[in-house]
Amino acid sequence: MIGASLTFPLVSRRRLIGLQFGSMHGARRGSGSDIAGSRAYVPGDDPHRIDWGASGRLSAARGTDEFVVREYFADEAPRVVVCLDRRAGMALCPPALPFLHKDEAASVALEMIEASVAESRGLIGLLEVDGRDGVVGWCPPASGRRTLATIDHELPGRRAAPVDAVTTMFEFLTLHRRAVPSASFVFVVSDFIEPTPLDTWEWALDRGWDIVPVVVQDPVWEQGFPDVDRLVLPLSGPDGRVRAVRLEKGESRRWRERHEARLSGFVDGLRSLGIEPVRVSRDDHEHVYDAFLRWSMERQAAWGHAA
């Protein structure tokens, strides 16, 4: 696969001091995956950390009930969750038309994020919402599992998500703080044709997550609008339905101005919160890679400016 070797550095919003991010476990104890040692159980310890084999041996030797818990090195590798918008509008446009195929662009972005997390020895998970019955498709961050493309195919959310799907996914993640703690990357892949309110982004930032919106929009019909006044066109709306539409004189310009203002207002609002989005307007691997690499380099440049 062409995009399999294309990875970009996962650069945190906050500059880290010490070893390369994601290269190995940390020196401090915490909620990681590598065992640092064992000690006696004390009230308040997580029962899931009890080493039942060691506890049984110690209890037999002492003739009393003894419990031993494992201690772990804290993971310094990144934790990443990809929130994938599956509204009907994200299925545009039909394969036969020479415009942005948003579902394909989203799949390429998903593939590239996963490869980059693997390169950083991190953990990655996937979240989708099914608007038909409120079902949430959730695969917590993990490594050494099936590819996200396979998991995505098996999850219940299949392009039926509600308009406020992004807000719903953020609210869901707050219930899983053990799997998605502070400093976790949360990539949100959507066209944001219905922009998520700024207070929602600010609320998500307050959870301590490193939020990265991936804006997937067609440059012709969604970021702008061509001059097609007085022509009858088959246009597909956000609900996926195709309608024959005839635009009156001046309508193309008004739609173009509306779309440009919507995008610039959304991006400017994100930047006012310190969030720099990744902007994707084509579905080929090279373009998507350039978009993520540009985002990564801008973050690294911001580090140097801050220093």
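This report looks at the overall make-up of a predicted protein model and then at two arginines with unusual backbone angles.

**The chain as a whole**

Let's start with the fold. The protein chain holds seven helices and eleven strands. It has 307 residues, and 43% of these count as buried. If you like to think in contact maps, consider the pairs with a separation of 6 or more: residues 24 or more positions apart account for 73% of those contacts. The accessible surface of the chain comes to about 16000 Å², and carbon and sulfur atoms contribute 54% of that area.

**Two arginines with positive phi**

Now for the backbone. Most residues other than glycine have a negative phi. Against that background, arginine 121 is worth a look, with a positive phi of about 60°. Arginine 230 also has a positive phi, near 65°.

Where do they sit in the chain? Arginine 121 belongs to the loop that runs between helix H2 (102-119) and strand E5 (123-130). Arginine 230 is placed in the loop between strand E8 (210-216) and strand E9 (232-236).

Are these side chains' residues buried or exposed? Exposed is defined as over 50% relative accessible area. Arginine 121 counts as exposed because its relative accessible area is 61%. Arginine 230 is likewise exposed, because its relative accessibility is 51%.

The table puts the two residues side by side.

| Residue | Phi | Loop between | Relative accessible area |
|---|---|---|---|
| Arginine 121 | about 60° | helix H2 (102-119) and strand E5 (123-130) | 61% |
| Arginine 230 | near 65° | strand E8 (210-216) and strand E9 (232-236) | 51% |

Definitions and conventions
Residues are numbered from 1 along each chain as its sequence is written. This is a predicted model: local features need pLDDT of at least 70, side-chain atom pairs count only at pLDDT 80 or more; totals for chains, interfaces and linings use all residues. Side-chain values use heavy atoms; hydrogens and water are left out. Helices (H or I, at least four residues) and strands (E, at least two) are DSSP runs, numbered from the N terminus. Buried means under 20% relative accessible area, exposed over 50%, partly exposed in between (1.4 Å probe, protein chains only). Contact means heavy atoms within 4.5 Å. Accessible areas come from the Shrake-Rupley method with a 1.4 Å probe; for residues, only the protein chains shown count as cover.
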